[in-house]
Amino acid sequence: MIISKLSQVLSKSFNRLSLFKLHEAIEAKHDKYGSIRVEEKYWPVRRTIVYVFNPSDIEKILRAQGKFPYRPANEFLVKYRSSLPDRYPTIGIGNLQGDKWFSQRQLIAPILLSSGVLNSYLPHLNVITDDFITYLGFQQNQQGSINDLLTCTDQFSLESIAMICLNTRLGCLSTIEPSEDGKRLIRASKNLFKSFQILYHGIQWWKFWPTPSYKMFVAAEEEIYNVSGKYVDRALNELKNDDQNSCHEKDDYDLNDDSKCLLKTLLKTKGLDRNTVRTTAMDFMVGGINTVSTSLCFLLHHLSVNHEIQEKLFQELVQVIGNSQVDVNETHLSRLPYLKACLKESFRLTTVIPNLVRILPDSISLSGQTIPAGVPIMLSFGVICKHPDYFDEPETFRPERWLGDARRAIHPFSLLTFGLGNRMCAGRRMSEIELYIATAKIILKYKLLSETPKLLLKQDFIIIPENQIKIRLEPR
Ligand code: HEM
């Protein structure tokens, strides 16, 4: 009895120490220290980190970040890309700082956020979702179950992001075999995130010699660079040929209409050369594969556990869209408040990125403590989102809390899935559209029944399920 208790305590402590359980270690800091924790680390170098667990402090920080919000870069990525200036004229908007970041963000983000570009992808995302539904059908076992939902949503997510960023289908949803490029990208993006977790949060041995994780990162980065480069060059050649040949007839959603194709629009933008676009496309791929895939997997899991909510969502979808064969369009998307609330609630319970990080240009007073300028501050909204001080019955999946008057009880800086302000996620609207269309069509087609005993989480750079998500699909 005593031994088993001791082993439980030990295993909990070791779990918290583990690199893949950092989210639990951060929760434990909040339990122990309350709304703020200023931590001095002495090894391998002396540094201070501040953890903030209070939405009012988070609001203060985000309002104080100025014109050039400073989110610390992934240093290993900066080191690697800076060593190859011909290949990487930029280290990418996710890692640049100051006015260099600002001028690149000004060129790139408006294209990714423009409704003209976004809407042109709706028909393609509908087709990809239909293919995903067929693919799911082939993945079911004899009892109608999918044994590992995340590997399926990975395929969907990669196929979608490749269509958006590389202007190509990769065949990841083929019921026979994904294309070679598809397989390479899936493998590379998994390895990339695995190495990120160790390189970003572990001891920085990579600064002194190429550790196995650093080598894994470089190999994955090269793979993504090579595959995506091929499609960027193809788009560039098409643009050159288009210039030489006369215009062809274009319909509203024709991605050969260059003004509606993200990649070609980037390539035609003054100030963005071929290699900058190549880096940007890579960063979009990396930013968008695992985040969207895991978010979709979590949302489908929550719906599969909460049958009444799933039914209520189904009713909304039937009323607004009809059935799974109808293409989801802009008008439908503007009339689906319950679907949007379900996604928000899924983000609250299982947000894939539970912290934002900022370094402020000036000192700031937070929860009665003065934090000097230049100190990294972790805005730990993932903890806030699961705390009863801020959310009633926090463990319950209840989309209604995001609707009508109930929403007013929620502090606006408590859920920051995509960040906030002028450094927020450039792919937010694209991701939401992907997630809405996929969820809508799947729920219209299938009733989802969970076969996952308990959802466990781990941090693999982003938060992902630790155990396999098993789900049964019953045709409606
Ligand atoms: C569910 C999916 C996604 C989530 C949860 C997510 C979340 C985030 C978060 C939290 C940030 C940091 C924001 C901040 O510091 O304020 C970020 C940055 C970024 N994301 Fe996403 N993201 C997602 C999908 C995507 C996609 C699909 C793309 C590209 C198509 C993308 C591109 C970017 C870029 C370029 C940045 C850096 C922006 C900058 O530094 O200016 N993300 N994302």
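Trainee: By class, how many nonpolar, polar and charged residues does the lining of the second largest pocket have?

Mentor: A count by class describes the chemical character of a lining. In this predicted model, the lining of the second largest pocket comprises 7 nonpolar, 9 polar and 8 charged residues. The volume of this pocket is about 660 Å³. It is lined by 24 residues, and those closest to its centre are Lys386, Glu395, Lys454, Leu455 and Leu457.

Trainee: Which elements give two or more residues to that lining?

Mentor: They are α2 (22–33), α12 and α16 (381–384). The element that gives the most is α2, with 5 residues.

Trainee: How many residues surround the ligand, and which are the closest?

Mentor: The shell around the ligand holds 27 residues, with Arg71, Arg105, Arg358, Arg423 and Cys425 the closest. By class, this shell has 14 nonpolar, 9 polar and 4 charged residues.

Trainee: Which elements each supply at least two residues of the shell?

Mentor: Those elements are α5 (98–113), α12 (274–305) and β4 (356–359). The largest share, 6 residues, comes from α12. Helix α12 also gives two or more residues to the lining of the second largest pocket.

Trainee: At what distances do Arg71, Arg358 and Ile93 lie from oxygen atoms of the ligand?

Mentor: Here one should note whether the protein atom belongs to a side chain or to the backbone. An N or O atom in the side chain of Arg71 is 2.6 Å from an oxygen atom of the ligand. For Arg358, a polar side-chain atom lies 2.6 Å from a ligand oxygen atom. Ile93 instead places a backbone N or O atom 3.4 Å from an oxygen atom of the ligand.

Trainee: What span does helix α8 reach, and what span is expected?

Mentor: The general idea is to compare the end-to-end distance with the expected rise. Helix α8 (residues 149–166) has 18 residues and spans 25 Å from its first C-alpha to its last, close to the 26 Å expected at 1.5 Å a residue. After α8 comes Asn167, whose phi is positive, near 60 degrees.

Trainee: Why is α8 described as largely enclosed by the rest of the structure?

Mentor: The description follows because 17 of its 18 residues are buried. In general, an α-helix has 3.6 residues a turn, so residues three or four places apart point the same way.

Trainee: Is Glu345 buried or exposed, and what does its side chain reach?

Mentor: Burial is read from the relative accessible area, with under 20% as the cut-off. Glu345 is found in helix α15 (residues 337–349). Its relative accessible area is 0%, so Glu345 is buried. The side chain of Glu345 reaches the backbone nitrogen of Arg398 at 2.7 Å.

Definitions and conventions. Residues are numbered from 1 along each chain as its sequence is written. This is a predicted model: local features need pLDDT of at least 70, side-chain atom pairs count only at pLDDT 80 or more; totals for chains, interfaces and linings use all residues. Side-chain values use heavy atoms; hydrogens and water are left out. A residue is near a molecule or strand if one of its heavy atoms lies within 4 Å of it. A polar contact is a pair of N or O atoms within 3.5 Å; within protein, one must be able to donate a hydrogen and the other to accept it, and residues adjacent in sequence count only if both atoms are side-chain atoms. Helices (H or I, at least four residues) and strands (E, at least two) are DSSP runs, numbered from the N terminus. Ala, Val, Leu, Ile, Met, Phe, Trp, Tyr, Cys and Pro count as nonpolar, Asp, Glu, Lys and Arg as charged, and the others, Gly among them, as polar. The expected span of a helix is 1.5 Å times one less than its number of residues. Buried means under 20% relative accessible area, exposed over 50%, partly exposed in between (1.4 Å probe, protein chains only). On a 1 Å grid over the protein atoms alone, a cavity is a set of points where a 1.4 Å probe fits but cannot get out, and a pocket is an open set with protein on both sides within 12 Å along at least five of seven lines; lining residues have an atom within 4 Å of a point. Grid points are joined across faces, edges and corners, and a volume is the space filled by probe spheres set on the points.
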